[in-house]
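Here is a set of questions and answers on a structure. Look at the sequence and the model before reading on.

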Amino acid sequence: MKIENNQLLRFITSGNVDDGKSTLIGRLLYDSKSIFEDQLQNVKKISERKGNTEIDLTLFTDGLRDEWEQGITIDVAYQYFTTPKRKFIIADTPGHVQYTRNMFTGASTANLAIILIDVINGVTEQTKRHSFIASLLQIPNAIVCINKMDLVNFSEDVYNSIVEEFKEFAEMLSMKDVRFIPMSALAGDNVVEKSSRMEWYKGEPLLHTLETIPIESNINEEDVRFPVQTILRPQSEICQEKRRYIGRLGSGVLREGDEITVLPSGLTSKVKTLYNLDKKAQEVFAPMSISITLEDNIDISRGDMVVKSSNTPNVSQDIEVMLCWLHNNPAKPRAKYFIKHTTNEQKAIIKEIVYKIDIESLEKNYQSEGLHMNDICKVKLKTTKPLIVDLYKKNKVTGSIILIDEATNETVAAGMIV
Amino acid sequence: MSKYYLNYLDELESEAIFILREAWGQFENPVILFSGGKDSIVLTHLAKKAFYPSKIPFTLVHVDTGHNFPETIQFRDDLIGNLGVNSIVGSVQKSIDQGRAVEEKGKNSTRNALQIVTLLDLIEDNKIDCAIGGARRDEEKVRAKERFFSHRDDFGQWDPKNQRPELWNIFNGRHFEGEHFRIFPISNWTEIDVWNYIKRENIEIPSLYFSHKRKVVFRNNSWIPFSEYINLEASEEVISKQIRFRTLGDITITGGIESEANTVTKIIKEISAMRFTERGNRADDKRSVTAMEDRKRQGYF
Ligand SMILES: Nc1nc2c(ncn2[C@@H]2O[C@H](COP(=O)(O)OP(=O)(O)O)[C@@H](O)[C@H]2O)c(=O)[nH]1
């Protein structure tokens, strides 16, 4: 299969438990011929053992043994498929309230969100929560799939009323491109093939939409941000050259001869040579993994950031972030956390909880105390050393952080700089 | 559309290299688990590019089951020699001789699960805090839930239900003494991506992947190579066949497929039309539907 010049589309699927996510993914994989014969045999075997006569499409994605037994999806699972048009990575995220953290995980790298709605239930609290998270994380595209249309006789009226309900709610969110598709994942209507039972729907089925929708990049092209991962001191006989700084360009386009500033030190120099891995290059762009050498020998270490001198980010010890608490243990008052931001790591305290967002009404609650699992709050953080940051809405790489518990080393929160 | 975008293979490459460099940046003693198969060969190639023009800074670790294809060992030794990297070989035979591991019995016996003991001992003895592997999420359903940075407790065990969430490209490798991480830079690659990359980068791979004539036995629906380690049953017949291997593991359990594909291009064409997953020919995964999960929880690759 030739997809040599094609791009990667990363999408998440979200919805309530039992809205049909697993069925939909199973259907996408099965109908796009991405399921292999032995996987099929395996799934048939389990389906029979469970007393099902038809193959259970959900078994293609529900991986861990406990899940099969409980019939639920408990974690993020990744699925891959390729069509002649694109390569796809699906992050299958669960619908349970307590697993919001996994939706966050899946959503953080996605270019597109599929939001599933059960036509019988309409827009629910979970739908709102998931849509809100998708917009908060600034996923550029959303496709709202209204599923189980077979249960309402493929009624256009029922479909329209749910579309209206969703649109009304979504007005409060900043979602750029939202599309709607009526479908039956179980029967396959409008998943890969266009449904013959919903002639009133003039759009394309899901797969075609996924294959053709312009991929809006998560990457900022204007601002050069190069977080340094490590420093090489090549010492072979062939190249007695300067130190090389290596890392992945977070955003922007960097060229030979560009004047740069190293932060937080503020030292300046010029780009001497650029390498896209092992190849010399005149210009490099995000998200390439690169290495660079500079005209001057200056002191740079892991965690520093190289930027263009004409366009610098903020350097600050006080930041405001929209934080999602991911862990069972609530935040400890005045406790220190490790904070990770690009390749930089240091300590931080949560100085103040400004407000908590009520996910249902999207209202701000200024009286909120404490940070608990699944809470989304605006907080003020103070770090021990300056961070080099941009706003998340301008730059996802330099605008995102995680917090790590000092005592357990577990990741407890994720935040977007606002 | 902007001209500044990467095609999917370049994006996967850049992501994998970012992760390899993070492994180097975040850990004291990271190693690459080198099986001799195409995935770990690709991983090693990526490591070479990641630190070019310096040498690969990771030690290559190989767990030798004693039941190898001779070609794999030759290939391993040549590669290590060419790259000039450090290497450590752990021996399952030694673990058995020391009574740390017990050999399985019977016709379908393998040393596959026994590797866990050798691997975990080796990790502990060498104070390894990070073992980089070439596993991919598309290989197996349980692997689909694995993180890029996957925590192992001080018994080397994996707790799939209690994994750290991974957001954006921020990876949390913090750990306590005695614990380690498994890191999987090519998690997002599929089998066909690996082959397309091998072709594009012109990466050398063992001859076993190409069509060749070999003495084999038909067992569990695939062609198992005849070797000194196989326990033949009276009804089983050794014949000569034109085959190749899609994955490489223990010689006792790695089934070949009938194939005429003798170039990478032909292999890509063959796989694109294939209706079976690559692990479909691995007897270790056929034992039960949760075989991989059981091994992984205990500390398998
Ligand atoms: N009638 C009908 N049932 C569906 C449809 N899609 C899924 N289901 C059923 O809804 C239930 C939940 O589906 P599942 O895919 O496990 O939902 P998940 O929890 O979101 O992954 C299962 O019994 C499915 O068979 C559909 O389009 N029509």
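The questions below go through a predicted model, from the ligand site to the pockets, cavities and single residues.

Q: Which residues come nearest to the ligand?
A: The ligand is surrounded by 16 residues. Being near here takes a heavy atom within 4 Å. Of these residues, the nearest are A:D18, A:K21, A:S22, A:T23 and A:D150.

Q: Which element gives the largest share of the shell around the ligand?
A: The shell divides into four nonpolar, seven polar and five charged residues. Its largest share is three residues. They come from helix α1 (residues 21-31) of chain A.

Q: Which side chains have an N or O atom 3.1 Å or 3.0 Å from an oxygen atom of the ligand?
A: The cut-off for a polar contact is 3.5 Å between N or O atoms. At 3.1 Å from a ligand oxygen is a side-chain N or O atom of A:N147. At 3.0 Å is one from the side chain of A:S184. The side chains are therefore those of A:N147 and A:S184.

Q: Which residue has a polar backbone atom 3.0 Å from an oxygen atom of the ligand, and how much of the ligand's accessible area does the protein cover?
A: The backbone contact at 3.0 Å involves A:A185. On its own, the ligand has 570 Å² of accessible area. The protein covers 78%.

Q: How many residues of helix α4 of chain A are buried?
A: Helix α4 of chain A spans residues 100-108 and is mostly covered. Its buried residues include A:R101, A:N102, A:M103 and A:F104. Also among them are A:T100 and A:S108. The count is nine of nine.

Q: Which residues lie closest to the centre of the second largest pocket?
A: This pocket holds about 1100 Å³ of space. Its lining has 43 residues. Closest to the centre are A:N111, A:S217, A:N218, A:I219 and A:N220.

Q: Which element gives the largest share of the lining of the second largest pocket?
A: Two elements give two or more residues to this lining: β1 (8-14) of chain A and α1 (8-26) of chain B. By class, the lining has 18 nonpolar, 15 polar and 10 charged residues. The largest share, three residues, is from α1(B).

Q: Is B:L12 buried or exposed?
A: B:L12 sits in helix α1 of chain B. Its C-alpha atom is 25 Å from that of B:F210, 198 residues away along the chain. The cut-off for burial is under 20% relative accessible area. B:L12 has 0% relative accessibility, so the residue counts as buried.

Q: Which elements give two or more residues to the lining of the second largest cavity?
A: The model has seven cavities of 30 Å³ or more. The second largest has a volume of about 200 Å³. Of its 20 lining residues, A:R10, A:Y78, A:T109, B:R137 and B:F148 are closest to the centre. The elements are β1, β3 (87-92) and α4 of chain A.

Q: How many nonpolar, polar and charged residues line the second largest cavity?
A: The lining counts 20 residues. By class, they are 10 nonpolar, five polar and five charged.

Q: With which residue does B:E201 share a polar contact between side chains?
A: B:E201 belongs to helix α6 (residues 191-201) of chain B. Its relative accessible area is 18%, so B:E201 is buried. The side-chain contact is 3.1 Å, and the partner is B:R200.

Note on methods
Residues are numbered from 1 along each chain as its sequence is written. Chains are lettered from A and ligands numbered from 1 in the order in which they are written. This is a predicted model: local features need pLDDT of at least 70, side-chain atom pairs count only at pLDDT 80 or more; totals for chains, interfaces and linings use all residues. Side-chain values use heavy atoms; hydrogens and water are left out. A polar contact is a pair of N or O atoms within 3.5 Å; within protein, one must be able to donate a hydrogen and the other to accept it, and residues adjacent in sequence count only if both atoms are side-chain atoms. Accessible areas come from the Shrake-Rupley method with a 1.4 Å probe; for residues, only the protein chains shown count as cover. Helices (H or I, at least four residues) and strands (E, at least two) are DSSP runs, numbered from the N terminus. Ala, Val, Leu, Ile, Met, Phe, Trp, Tyr, Cys and Pro count as nonpolar, Asp, Glu, Lys and Arg as charged, and the others, Gly among them, as polar. Buried means under 20% relative accessible area, exposed over 50%, partly exposed in between (1.4 Å probe, protein chains only). On a 1 Å grid over the protein atoms alone, a cavity is a set of points where a 1.4 Å probe fits but cannot get out, and a pocket is an open set with protein on both sides within 12 Å along at least five of seven lines; lining residues have an atom within 4 Å of a point. Grid points are joined across faces, edges and corners, and a volume is the space filled by probe spheres set on the points.
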